[in-house]
Amino acid sequence: MNQLHYPGQELDLFAHAHNWKQYWVSKIRPFIRGDVLEVGAGLGVNTPLLEPHKARSWTAMEPDPELAVRLTKSLNSNPISQECKVLTGTTSSLEPYAQFDCALYIDVLEHIEEDKTEIAQVANLIRPGGRIIVLSPAHQLLYTPFDKSIGHFRRYNRASLLRCTPPGFEVESVFFLDSVGMLASLANKVMLQQSMPKLNQLRIWDRFLVPTSTILDRLLLHKVGKSVVAIWRRVGAS
């Protein structure tokens, strides 16, 4: 299926998580170069933060037709992202000769039931020396009705995410982000059991907990957090 309807309503809510977005962007931006494929670009909130104007080309792909319309409007309204190409569909709808230097899955892979198949498929589109970068929610222990309501099949730990490593790729880096947020998520699951965070709660997390995590994460060597990042690099000359 090349098009689908996205069931979640959290995209508009998490657009307010400015500190969080700046934090994870700072960790993956140095690995992005060349011709970039952003899979599941959603509303296009993340794209300008990733500085697409510094890439050789940027293709933002979104399988939900309604979101793709909003994505196009969002990218066209920002000078930094006006040159981005928007495609409605999935990686299976790309031409087999399409080639990229980087593929991004920003809070996307957990929505794909056959995750290993997805990564293996996109791996065929990556040039030697190119990368696949995944940011996903961490720890199945933290899986809640909220995850289910927005279409998450799973949350990842290091081992489960690395099981997606495609042939011909090496693991360049795996690390966790937001150690303080992990504790807050655990408390929510045990005590509050909310299915959807409220805007004021998100703002408190983003304004106070995320900055604390940026310090604590370094002290913990990025081994703890509620989100996990994996970066694979295709073996061969860049």
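How many helices and strands make up the secondary structure of the protein? The protein has 8 helices and 7 strands, as seen in this predicted model.

**Figure 1. Overall view of the predicted model, with its 8 helices and 7 strands.** The radius of gyration of the protein is 17 Å, close to the 18 Å that the globule rule gives for 238 residues, so the protein is as compact as a globular protein of that length. Along its principal axes, the C-alpha trace spans about 50 × 35 × 30 Å. Of the 238 residues, 48% count as buried. The accessible surface comes to about 11600 Å², and carbon and sulfur atoms account for 57% of this area. Among contacts between residues at least 6 apart in sequence, 80% join residues at least 24 apart.

**Figure 2. Close-up of Glu62 and its place in strand 2.** Strand 2 comprises residues 57-62, and Glu62 belongs to this strand. The relative accessible area of Glu62 is 4%; because buried means under 20%, this residue counts as buried. Leaving aside residues up to four places away in sequence, Glu62 touches Gly40, Ala41, Gly42, Leu67, Ala68, Leu71, Leu87, Thr88 and Gly89. The C-alpha atoms of Glu62 and Thr72 are 9.9 Å apart in space, while the two residues are 10 apart in sequence.

**Figure 3. Close-up of the polar surroundings of the Glu62 side chain.** Which backbone nitrogen lies 2.8 Å from a polar atom of the side chain of Glu62? That nitrogen belongs to Gly42, a residue that is also listed among those touched by Glu62. The backbone nitrogen of Asp64 lies 3.0 Å from a polar atom of the Glu62 side chain. Although buried, Glu62 has no salt bridge. The nearest side chain of opposite charge is that of Arg70, 11 Å away; a salt bridge requires a distance within 4 Å, so Arg70 does not form one with Glu62.

**Figure 4. Close-up of Lys21, a buried residue without a salt bridge.** Lys21 has its place in helix 2, which covers residues 18-28. The nearest side chain of opposite charge is that of Asp107, at 6.3 Å from Lys21. A salt bridge has to fall within 4 Å, and therefore this pair does not qualify. Not counting residues up to four places away in sequence, Lys21 touches Phe14, Ala15, Val45, Asn46 and Leu49.

**Figure 5. Close-up of Asp178, a loop residue with a positive phi.** Asp178 is located in the loop between strand 6 (169-177) and helix 7 (179-192). Its phi is near 75 degrees, a positive value in a residue other than glycine. Is Asp178 buried or exposed? The relative accessibility of Asp178 is 0%, so this residue counts as buried.

**Figure 6. Close-up of His222 in the loop that follows helix 8.** The loop holding His222 lies between helix 8 (199-219) and strand 7 (227-234). Phi of His222 is near 55 degrees, again a positive value in a residue other than glycine. His222 has a relative accessible area of 15%; the limit for a buried residue is under 20%, and His222 is therefore buried.

How values were computed
Residues numbered from 1 in each chain as written. Predicted model: local features only at pLDDT ≥ 70, side-chain atom pairs only at ≥ 80, totals over all residues. Heavy atoms only, no water. Helix = DSSP H or I, 4+ residues; strand = E, 2+ residues; numbered from the N terminus. Buried < 20%, exposed > 50% of the residue type's maximum accessible area, 1.4 Å probe, protein only. Lys, Arg positive; Asp, Glu negative; His and termini not counted. Polar contact = N/O pair within 3.5 Å; in protein donor to acceptor, adjacent residues only side chain to side chain. Contact = heavy atoms within 4.5 Å. Rg over C-alpha atoms; globule rule 2.2 N^0.38 Å. Areas by Shrake-Rupley, 256 points an atom, 1.4 Å probe, with all protein chains shown as cover.
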